[in-house]
Amino acid sequence: MNHDASELTEAHYELVISVDARRSGEYDDVDKPRMRARIYRVLETAFTHAKVAREAVHLEDRGDGVLLSVPGRIAASRLLGLWLVEVHEKLRDENRDLAVPLGLRIGMHVGPVRHDGRGISGRAVDLACRLADSSVARDLLDAEKADLVLVTSGSLYEEVVSAGGKFIEPAHYAPARLRLKEGEVTAWFHLPGRPAPVIRQAVAGPPPALDEALADAPGDGDEEDADVVDMPGEAAPDLGIHPKVSRDTFHNEHNVYHGNVRMGGGATHHGTEQRKG
């Protein structure tokens, strides 16, 4: 068997980087080539300054952006640190004289990647692209009037970003839950040169089946189902009572009652009692 051919079917762990331009559809046929040229200047300058050899980087043109992958022998911390700093600085330089500044959304994830004659594929590629294209990334870029937003996967944040390092500031990242086609994931958002962003927008809700079940449950009709969103700060302690099922239904776990306790539609528990279930 040809060795080179067999390697095409093997997955290798690589850092996948998806780069998208803000509102690329608003560029006309004259301005779009200039926008694309700026993206390439920004990325290639950053790779040079971060001392990442061009031949080590897989690059695919995506029209309004670029898809890249970097092999595992190059530390992900270098891309999250020095490379990102250089991208931001070069982007600011490119935007200095533009009436409409170029904005970039960058999604990053590490995972198995397969190469073939036409490019790269794998769930890691899909996730990096979806992170960059998420509504939260788009909204942050506009709301904060920023040039650049980075979105990392939960695993990349936990395994690399959270440890810190040169030019990496984990405290400047903020988490949010995203509902993607593959399911819900936690992503971490960073605006280079700024404190951790405040993500107020609800970005993911309960699954549709749960929505329907809650809608059909008896109640007063004025309850609101909060969307799922992870925000910086401490989570409220779990007290073991979860009343949001229906109006008179409670879920109790490891609770101790002292005296008479009245719950729901009339059930009364007496004395000191520990209940589970």
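This presentation walks through one predicted protein chain, from its overall make-up to a few chosen residues.

Good morning. Two remarks on conventions come before the structure itself. Because the model is predicted, local features are reported only at pLDDT of at least 70 and side-chain atom pairs only at pLDDT 80 or more, while totals for chains, interfaces and linings use all residues. Residues are numbered from 1 along each chain as its sequence is written, and side-chain values use heavy atoms, with hydrogens and water left out.

Let me start with the whole chain. It contains seven helices and 13 strands; helices (H or I, at least four residues) and strands (E, at least two) are DSSP runs, numbered from the N terminus. The chain has 277 residues, and 39% of them count as buried. Here buried means under 20% relative accessible area, exposed means over 50%, and partly exposed lies in between, with a 1.4 Å probe and protein chains only. The exposed surface amounts to about 15900 Å², of which carbon and sulfur atoms supply 49%; such areas come from the Shrake-Rupley method with a 1.4 Å probe, and for residues only the protein chains shown count as cover.

Contacts tell us how the chain folds back on itself. Of those between residues at least 6 apart in sequence, 64% join residues at least 24 apart, where contact means heavy atoms within 4.5 Å. One pair of C-alpha atoms illustrates distance along the chain against distance in space: His 12 and Val 113 are 101 residues apart in sequence, yet 5.3 Å apart in space. His 12 belongs to strand S1, residues 12-21, and is partly exposed at 36% relative accessibility.

Staying in strand S1, we come to Asp 20. This residue is buried, at 13% relative accessibility. Leaving out residues up to four places away in sequence, Asp 20 touches Asp 64, Gly 65, Gly 103, Leu 104, Arg 105, Ala 132 and Asp 133.

One of those partners, Arg 105, deserves attention of its own. Is Arg 105 buried or exposed? Arg 105 is buried, for its relative accessible area is 3%. The residue sits in strand S4, which covers residues 104-116. A polar atom of the Arg 105 side chain lies 2.7 Å from the backbone oxygen of Ala 132. For reference, a polar contact is a pair of N or O atoms within 3.5 Å; within protein, one must be able to donate a hydrogen and the other to accept it, and residues adjacent in sequence count only if both atoms are side-chain atoms. Beyond its neighbours within four places in sequence, Arg 105 is in contact with several residues, including Ser 18, Asp 20, Arg 22, Asp 133, Leu 141 and Val 149.

Next, a pair of helices. The axes of H2 (residues 31-49) and H3 (residues 76-95) come within 8 Å and cross at roughly 140 degrees. Axes are lines fitted to C-alpha atoms, for helices over the stretch in contact, and angles run from 0 to 180 degrees between N-to-C directions. How, then, are H2 and H3 oriented to each other? They are oblique: angles under 35 degrees count as roughly parallel, over 145 as roughly antiparallel, 65 to 115 as roughly perpendicular, and the rest as oblique. The residues that meet include Arg 38, Val 42 and Phe 47 on the H2 side, and Leu 79, Trp 83 and Glu 94 on the H3 side.

Helix H3 also holds Asn 95, a buried residue with a relative accessible area of 7%. Its C-alpha atom is 9.2 Å from that of Arg 38, although 57 residues separate the two along the chain. Apart from residues up to four places away in sequence, Asn 95 touches Pro 101, Leu 102 and Asp 147.

In helix H4, residues 123-132, we find Arg 130. With a relative accessible area of 27%, Arg 130 is partly exposed. Residues up to four places away aside, Arg 130 touches Leu 180, Lys 181 and Glu 182.

Finally, two loop residues. Lys 145 is not a glycine, yet has a positive phi of about 50 degrees. Lys 145 lies between helix H5 (135-143) and strand S6 (148-153) and is exposed, at 71% relative accessibility. Phe 167 likewise has a positive phi, near 70 degrees. Phe 167 is in the loop between helix H6 (154-159) and strand S7 (173-180), and is partly exposed at 46% relative accessible area.

Thank you for your attention.
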